[in-house]
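Trainee: Could you walk me through this one? I'd like to start with the inside and then look at the strands.

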Amino acid sequence: MRNLPSVDEILNDPDVIELGADFARTIIVGKVREVLTNKRLEIMKKDKAFTREEMKAQVAVEVVRKMNELSDGSLRRVINATGVVLHTNLGRAVMSPQAVEHMANLAGGYSNLEFDLDKGTRGSRYSHVESLLTSLIGCEAALVVNNNAAAVLLALNTLAAGQEVIVSRGQLVEIGGSFRIPEIMKLSGCRLVEVGTTNKTHLRDYEEAITENTGLLLSVHTSNYRILGFTHEVGLDELVQLGRKRDIPVMHDLGSGSMLDLSPWGLDPEPTVQQSIASGLQIVTFSGDKLLGGPQAGIIAGRKEHIEQMKKNQLLRALRVDKLTIAALEASMISYMANDPAETLPVLSMITRTPAQLKEAAEKLADLIKQENGRGALIPEVKVVETKDTVGGGAYPLQELPGYAVEIVTPRDPEIVSARLRSLKPAVVARIQDDTLLLSVRTLLPGDDRVLAGLIHQSLEGTSI
Ligand SMILES: *Cc1c(COP(=O)(O)O)cnc(C)c1O
């Protein structure tokens, strides 16, 4: 411990002095203190002796490493070779080039975010995408908030705070560990009334549960699971009829709200946002960055009187979206106005890629890896294999998408290679299956294949067979 260098000694190390050219002194001093504290703890634990010079060098190197790490930022690009299109841990939906461009144009300058350019007076941020949404969905009004959890919270709080909300027991979903219908219900100030059973809920269950305190009938799309076998849920149409008869609004939390029917591409039919609205219900909520293929956002669509009430709710201020989200959503919705969103929106183009296209892409990736192969590092086996991809993001939980991957039998433990791939820039996230590395091509973006081939070799450098 006596040999532990002082803060000043470390600050006088030539490499640490050099940091001064790029970073503020207070931050460097803070980092030096942090590293010295860690070193002290390490010495106490290990009971190992170091000379003062050794220790000075170790601490200085660590300070330089940590400062560089800090200034690089921790958020970085990842090549997704998992074949999971809406990968929750990898940022969910990839946005379209149009959305990215629109955001970039608006981010670095001023905009009419809350300014009415016609009148020269104050405008509303909520006005921008609303008419696009109402035209596409066929509803009276729409409102965009931070995410779908916020959309459900705001809608429940506005429509039924202090009242009872009836939900089927088969629909009390949990999404990603942090969104649970019973918890959101509590937060919104509503009282949850569960009806039916896990596998069967009938219209009479809702009917019998209605009291003078009932504020809302809620249907939740079980987007991330299915109850199979001896089951029954009440359809939206029936629920809407019941709501009409008893004068109670009906809300549908659709979650992975799709605006495009994906059944022509072989996917199971899922309710679209338009169908949900067409059933005559009052409010539907869904995510902007699941099947919709836009930015993280929650979209509330439906009757004008209810949406107007939500716009007046103080909660909205806390849940509101920023200009970049509005810009990205606007550009994404414009893609739906044109005829082929499946071509412009990456999420939809990935889901709808045909096996033939995927096979071709996998063959190209395998070739690129083999070309790199000739240059140095050796990979014993690279081959194109069939694989099963998934939509992810809690959508289509039971459906597998037939895809293609490049299978690599690595000379060393695939877990080690996989960890190395994750440490590169860009990082690569791949699958491991039967002791081989599997690179699914469905989720690769244009140009990723060439970069990926190089990174595969980088990850194997220094390995012998
Ligand atoms: C995904 C989902 C949510 C939560 O949406 P976020 O945009 O992640 O906040 C809520 N309800 C359902 C049914 C969902 O599928």
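Mentor: Let us begin with a term: a nonpolar core is a set of buried Ala, Val, Leu, Ile, Met, Phe, Trp, Tyr and Cys residues joined through side-chain atoms within 4.5 Å. Please keep in mind that this is a predicted model.

Trainee: OK, so how many residues does the largest nonpolar core have?

Mentor: It has 56 residues, and those with the most contacts inside it are Leu133, Ile137, Met259, Phe286, Met333, Tyr336 and Val391.

Trainee: Which helix gives the most to this core?

Mentor: That is helix α6, residues 127-137, which contributes 5 residues.

Trainee: And what does Leu133 touch?

Mentor: Leaving aside residues up to four places away in sequence, Leu133 touches Gly138, Cys139, Ala142, Val144, Met259, Ile299 and Met333. Apart from the largest core lies another one, of 31 residues, including Ala141, Val152, Phe179 and Ile283.

Trainee: Switching to strands, what's the order in the open sheet?

Mentor: The 5 strands follow the order β2-β14-β15-β18-β17, with mixed pairing. Since β2 (84-86) and β17 (431-433) stand at the edges with a single partner strand each, one side of each is left without a neighbour in the sheet. From one strand to the next, the twist averages 40°.

Trainee: How many bridges join β14 to β15?

Mentor: There are 9 bridges between β14 (residues 381-392) and β15 (residues 401-409), and these two strands run antiparallel. Glu386 stands opposite Tyr404 in β15.

Trainee: Last one: which strands does helix α18 lie across?

Mentor: Helix α18, residues 414-423, lies across β17 and β18 (436-440), and it runs at about 40° to β18.

Terms used: Residues are numbered from 1 along each chain as its sequence is written. This is a predicted model: local features need pLDDT of at least 70, side-chain atom pairs count only at pLDDT 80 or more; totals for chains, interfaces and linings use all residues. Side-chain values use heavy atoms; hydrogens and water are left out. Buried means under 20% relative accessible area, exposed over 50%, partly exposed in between (1.4 Å probe, protein chains only). Helices (H or I, at least four residues) and strands (E, at least two) are DSSP runs, numbered from the N terminus. Contact means heavy atoms within 4.5 Å. Two strands pair if DSSP finds at least two bridges between them. Axes are lines fitted to C-alpha atoms, for helices over the stretch in contact, and angles run from 0 to 180 degrees between N-to-C directions.
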